[in-house]
Amino acid sequence: GENGQTLTAGAIYSGHTDIGAFTVYLPASPSINDRIEIWNLHRTWSSTNYIRVQRTTASHNFTGYTTDAYIDLDTNKANCVEFIYAWTDTWQVSIS
């Protein structure tokens, strides 16, 4: 993804943060079971080079949390963070 980009359901993104943190946006009108993957292929995610995933609809939450998600896994593995629109107003987040 790129800074300021609205993510598309069904898409797979590489979150390359070696030049700094950036923000992406979830779709405003997702359908149940819509999925979005963000991969750490370049192994650059950290507490300073994070990806902020912002909700575009205030009623949406991340499995009960009503703040934006910050992906800052400080790891040298090629992790994937998956967002699934599981039910009304709720994005489920999984890390693999």
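The structure holds three aromatic pairs, and one of them is the starting point of this tour through a predicted model.

**Stop 1: Y50 and Y70**

Select Y50 and Y70 and show their side chains. A pair of aromatic rings is described by the distance of the centres and the angle of the planes. The rings of Y50 and Y70 have their centres 5.3 Å apart and their planes at 65°, an edge-to-face arrangement. Y50 belongs to the loop between β3 and β4, while Y70 is in strand β6, so the pair ties together parts that are 20 residues apart in sequence. Are these two residues buried, exposed or in between? Y50 has 27% relative accessibility and counts as partly exposed. Y70, at 45%, is also classed as partly exposed.

**Stop 2: the whole chain**

Zoom out and switch to a cartoon view. The protein has eight strands and zero helices, so the order of elements from the N terminus reads β-β-β-β-β-β-β-β. Along the principal axes, the C-alpha atoms fill a box of roughly 35 × 20 × 20 Å. The radius of gyration is 12 Å, which agrees with the value near 12 Å for a compact globule of 96 residues. Colour by burial next: buried residues are 41% of the 96. Among contacts with a separation of 6 or more, 60% are between residues 24 or more positions apart.

**Stop 3: the sheet of β2, β4 and β6**

Select β2 (22-25), β4 (51-54) and β6 (69-71). Three strands form an open sheet here, in the order β2-β4-β6, with mixed pairing. Which strands stand at the edges? They are β2 and β6; each has a single partner strand, so one side of each is left without a neighbour in the sheet. From one strand to the next, the twist averages 25°.

Strands of a sheet pair through backbone hydrogen bonds, either parallel or antiparallel. Between β4 and β6 the sense is antiparallel, over three bridges. To see one position in this part of the sheet, pick V53, which stands opposite A69 in β6.

**Stop 4: β7 and its partners**

Now select β7, residues 80-87. How many residues of β7 are buried? The count is seven of the eight, so β7 is largely enclosed by the rest of the structure.

Add β3 (35-39) to the selection. Five bridges join β3 to β7, and the two strands run antiparallel. At one position, W39 stands opposite C80 in β7.

Add β8, residues 90-95, as well. β7 and β8 are joined by six bridges and run antiparallel. Follow two residues of the pairing across: F83 has V93 in β8 as its bridge partner, and E82 has S94. The hairpin of β7 and β8 has two residues between the strands, and D89 there takes a positive phi near 70°.

Finally, add β5, residues 61-62. Two bridges join β5 to β8, and this pairing is parallel. Look for N61, which stands opposite T90 in β8.

**Stop 5: the nonpolar core**

Hide the cartoon and show side chains. In soluble globular proteins, nonpolar side chains tend to be buried together. The largest nonpolar core has 17 residues, and L26, I38, I51, V53, I71 and F83 touch the most other members. Five elements give two or more residues to this core: β2, β3, β4, β6 and β7. Which of the elements gives the most to the core? The answer is β7, with three residues.

Centre the view on I38. Leaving aside neighbours within four places in sequence, I38 is in contact with L7, Y13, G15, W45, I51, V53, I71, N79, C80, V81 and F83. V53, seen earlier opposite A69, is on that list, as is F83.

**Stop 6: W45**

Last, select W45, another contact of I38. W45 is found in the loop between β3 and β4. Is W45 buried or exposed? Its relative accessibility is 1%, and the limit for a buried residue is under 20%, so W45 counts as buried. Now add L73 and look at the two C-alpha atoms. W45 and L73 are 28 residues apart in sequence, and their C-alpha atoms are 5.7 Å apart in space.

Technical notes
Residues numbered from 1 in each chain as written. Predicted model: local features only at pLDDT ≥ 70, side-chain atom pairs only at ≥ 80, totals over all residues. Heavy atoms only, no water. Core = buried A, V, L, I, M, F, W, Y, C linked by side-chain atoms within 4.5 Å. Buried < 20%, exposed > 50% of the residue type's maximum accessible area, 1.4 Å probe, protein only. Helix = DSSP H or I, 4+ residues; strand = E, 2+ residues; numbered from the N terminus. Contact = heavy atoms within 4.5 Å. Pairing = 2+ DSSP bridges. Axes fitted to C-alpha atoms, helices over the stretch in contact; angles between N-to-C directions. Phe/Tyr/Trp six-rings, centres within 6.5 Å; stacked < 30°, edge-to-face > 60°. Rg over C-alpha atoms; globule rule 2.2 N^0.38 Å.
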